[in-house]
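Colleague: I'm new to reading models like this one. Please take a close look at a single part with me, slowly, and then walk outward to a few other places.

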Amino acid sequence: MADTAQPHDLPDDPAERVGALRAVIARANELYHELDAPELPDAEYDLLVRELRALEADHPELAVDDSPTLAVGGAPSATFSPVVHAVPMTSLDNAMDGGELRAWADRVVRGLDGTVPAFVAELKFDGLAMSLRYEAGRLVQAATRGDGRVGEDVTANVRTIADVPQQLPAAAPEVLEVRGEVYMSREVFEALNEAYLAAGERPLVNPRNAAAGSLRQKDPAMTAKRRLSFWAYQLGEVVGGPAFASHHDTLYFLRGLGFPINPQVRALGTIDAVEAHCTHWERHRHDLAYEIDGVVIKVDDLAQRERLGFTSRAPRWAIAYKFPPEERTTLLRDIQVSVGRTGRTTPFAVLEPVFVGGSTVSMATLHNQDQVAAKDVRPGDTVIVRKAGDVIPEVVGPVLSLRPEGALPWIFPTTCPCPIESLLVRLPGEADTRCVEPGCPFQRDQRIIYWGSRGAMDIEGLGERTVMQLTRAGLVHDAADVYSLTAEQVAGLEGFGQVSADKLVAAIQGSKDRPLPKVLTALGIKHLGPAASQALAHEFGTLRRVFEATDEERAGVDGVGDVIAAALSRWYEQPSNREFVDRLEAAGVNFGSEEEVLAALAARAAIPQTLTGKAVVVTGAVPGYTREGAEEAITSRGGTSPGSVSKKTFALVVGEGAGASKLTKAEQHGVPQVPAERFVELIESGELPG
């Protein structure tokens with residue numbers, strides 16, 4: 001936002017602040033709506049607009065007719081021909097929390113003289129609003145929203161979107177305008193960014209910007225390569241069509257004409273149900289195959305909508321419930337490098353703390369050397385930080401207009417930040433740079449932390465802080481050493497008393513009985529994960545036999561293969577690793593037994609192999625089973641239970657709390673869906689329940 005005041009340094013005087021806010025917001029509108037290059041995350045933009053509205057309300061003498069608080073979007077681009085919308089494409093007012101949502105509902109009820117309406121809730125897609133105009137059933141025009149009155153003609157590009165019908169059935173009205181959202185799926189977005197990064201090009205910022213930029217390509221062939229999608233959600237102008245009583249009726253009508261209607265549309269009778277629905281999707285937004293940033297709530301009855309009408313910029317009968325921000329801007333103080341258990345180095349950003357994605361973030365990943373170069377982030381930059389759900393926070397990119405003069409590109413270090421200062425090496429063809437010194441204390445700490453992690457030996461209390469205390473005190477040098485720790489040694493560490501020391505030592509000793517697959521996983525051998533560890537344990541029975549087997553024998557185990565087999569050989573060839581295994585055995589860690597394997601095989605042989613060669617995916621809760629128990633029930637009958645749906649999936653078992661992304665993929669691939677209540681029928685018969 002060059003040449004305008006910035007959000008963080010606006011003046012305090014109301015008149016000056018209003019002028020500065022208008023300048024910032026106007027520039028943000030231009031970048032977002034016209035140039036597809038936003039520099040302010042949505043959440044920060046919304047806060048600025050809300051502040052400006054409040055100031056204009058408190059100081060009516062400062063109000064002006066051309067304030068951005070009265071505008072819908074941005075001016076249409078000169079790149080495409082202008083299109084005047086027959087019915088204006090208005091924006092929506094926002095509710096930022098349950099209180100504002102209920103205040104809107106109260107206004108609706110008052111506007112209807114005390115009548116509580118039925119509501120319709122739709123997901124708020126993070127894409128680009130689009131108007132499709134059909135005449136005599138044929139698509140004749142596609143236009144962006146623009147400023148709400150005049151948009152841009154992007155017909156040629158929209159014709160490349162597979163979801164958009166080109167010709168409607170004979171039952172279509174003489175003129176039909178369909179409003180909806182053009183978006184880019186997460187899968188397509190991630191694939192494009194992988195390709196850009198591999199080519200050393202700057203990655204796309206987010207799916208919304210990618211979709212908007214794709215629609216504004218001068219060559220429709222380029223738009224086609226971006227594989228955009230479309231959801232329809234509203235009628236515009238209709239001539240010669242049927243009469244409708246409700247919004248739901250219009251959606252059923254559009255679906256019948258071949259338009260894609262989002263499956264998550266819900267009819268809700270009370271504002272309590274609406275708020276619960278919004279809370280549900282706030283928690284599950286990342287289960288979807290596409291980005292959403294809120295829920296849109298509308299009055300269902302069209303006659304009631306007529307009574308409620310519009311304000312100067314938005315309908316009174318609808319509101320957008322906005323989710324908490326997942327992107328914010330902050331200062332990038334420094335770029336440093338962390339070292340993992342395999343020596344892999346990861347650059348990370350040291351940030352001015354910022355609240356985003358439900359927590360305060362002061363560090364964020366930068367992935368690897370190539371991504372730092374492609375994103376061109378530099379210490380001193382103002383950067384966009386993204387934290388989505390439980391995903392590790394990441395730096396999306398810099399706000400180039402705020403880059404300080406003289407900021408230099410960051411250079412990846414050539415030596416490890418550990419006290420040994422060993423060389424960092426990047427092998428040809430690899431994206432990762434590694435510390436090649438086995439004695440690196442950073443690698444040592446991470447290997448011990450991984451050993452005690454939940455996915456490995458699951459030792460409660462043996463986290464990063466405790467491990468670093470133990471190694472700094474010289475009490476532990478590797479994971480085998482933890483089994484000789486005494487409560488007296490632990491109690492001498494800062495933050496530990498006798499009770500907490502006893503508890504940690506008991507947890508360590510208890511981990512000796514973890515099953516062999518857990519032990520194999522905990523070794524942290526490259527490429528060896530839980531699934532392959534399980535397969536090897538079932539095949540060979542003991543840890544010694546796993547390592548004594550030949551590469552060919554290991555590679556022949558289902559789910560292992562040549563790469564993992566060779567990795568096991570390389571790891572065990574190291575004398576220090578063989579000595580480590582000896583010390584684990586001496587400490588009493590479970591190395592498995594042939595008797596256990598024979599018993600497991602006998603038990604499995606007694607179970608009919610009804611699912612041999614069939615992949616069954618489970619999503620949501622299955623009555624009477626834990627998630628692990630349901631997967632075991634499938635695999636013990638000869639089937640597989642992958643974590644994702646594909647066209648090869650035999651069935652998707654759907655229970656309470658099912659993930660929307662799995663449901664969407666099942667619909668895309670035509671995979672049968674089986675209610676969780678009929679899971680037992682499925683596994684016992686091996687057939688789809690009738």
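Modeller: Happy to! Let's begin with one idea: two strands pair if DSSP finds at least two bridges between them. Please keep in mind throughout that this is a predicted model. The average pLDDT of the protein chain is 87, and 93% of the residues score at least 70. A stretch to treat with care is residues 1-6, where pLDDT stays under 50. The model has 16 contacts beyond four places in sequence for that stretch.

Now for our close look. Strand 13, residues 344-356, pairs with strand 14 in the antiparallel sense, and six bridges join them. One of these pairings to find on your screen is Val354, whose bridge partner in strand 14 is Val361. The two strands form a hairpin, with two residues between them. Look into the turn and you will meet Gly357, which has a positive phi of about 60°. As you trace the strands, a general idea helps: in a regular strand the side chains alternate between the two faces of the sheet.

What comes after the hairpin? Strand 14 covers residues 359-365, and the loop between this strand and helix 11 (369-375) holds His367. His367 also has a positive phi, of about 70°, although it is not a glycine. With 27% relative accessibility, His367 counts as partly exposed. You can compare this with Asp113, a residue other than glycine whose phi is positive, near 55°. Asp113 sits in the loop between helix 3 (98-111) and strand 3 (119-125). Its relative accessible area of 67% makes Asp113 exposed.

Let's return to the start of strand 13 and look at a neighbour. Arg434 lies in strand 18, which covers residues 433-435. Leaving aside residues up to four places away in sequence, Arg434 touches Thr342, Gly343, Arg344, Thr345, Leu423, Leu424, Val425 and Lys526. With Thr342 there is also a polar contact between the side chains, at 3.0 Å. Is Arg434 buried or exposed? Buried means under 20% relative accessible area, and Arg434 has 17%, so it counts as buried.

A few residues along, there are cysteines worth a look. Why does Cys418 form no disulfide with Cys416? In general, a disulfide is a covalent bond between the sulfur atoms of two cysteines. The cut-off for that pair of sulfur atoms is within 2.5 Å. The closest cysteine sulfur to that of Cys418 belongs to Cys416 and is 3.3 Å away, which is too far for a bond. Cys440 is in no disulfide either, as its nearest cysteine sulfur, in Cys418, is 3.8 Å away. Both residues are buried: Cys418 at 1% relative accessibility, and Cys440 at 0%. For the whole structure, the count of disulfides is zero.

Next, here is a sheet to set beside our hairpin. Four strands make an open sheet, ordered 5-4-7-8, with antiparallel pairing. Strand 5 (138-144) and strand 8 (229-239) are at the edges with a single partner strand each, so one side of each has no neighbour in the sheet. From one strand to the next, the twist averages 25°. Strand 7, residues 175-183, runs antiparallel to strand 8, and eight bridges join the two. Find Val175 and you will see it stand opposite Val239 in strand 8.

Helices lie across this sheet too. Helix 6, residues 207-215, lies across strand 4 (128-135) and strand 7, at about 40° to strand 4. Helix 8, residues 247-256, lies across strand 7 and strand 8, and runs at about 110° to strand 8.

Let's finish with two helices that are each followed by a glycine. In helix 13, residues 464-472, the buried residues are Thr466, Val467, Gln469, Leu470 and Thr471. These buried residues pack against helix 12 (441-452) and helix 15 (498-510). After helix 13 comes Gly474, with a positive phi near 75°. In helix 17, residues 530-540, the buried residues are Ala532, Ser533, Ala535, Leu536, Ala537 and Phe540. The glycine that follows helix 17 is Gly541, and its phi is positive, near 85°. If you now go back to the hairpin, you can find Gly357 in the turn again, with its positive phi of about 60°.

Note on methods: Residues numbered from 1 in each chain as written. Predicted model: local features only at pLDDT ≥ 70, side-chain atom pairs only at ≥ 80, totals over all residues. Heavy atoms only, no water. Buried < 20%, exposed > 50% of the residue type's maximum accessible area, 1.4 Å probe, protein only. Polar contact = N/O pair within 3.5 Å; in protein donor to acceptor, adjacent residues only side chain to side chain. Contact = heavy atoms within 4.5 Å. Axes fitted to C-alpha atoms, helices over the stretch in contact; angles between N-to-C directions. pLDDT = per-residue confidence, 0-100.
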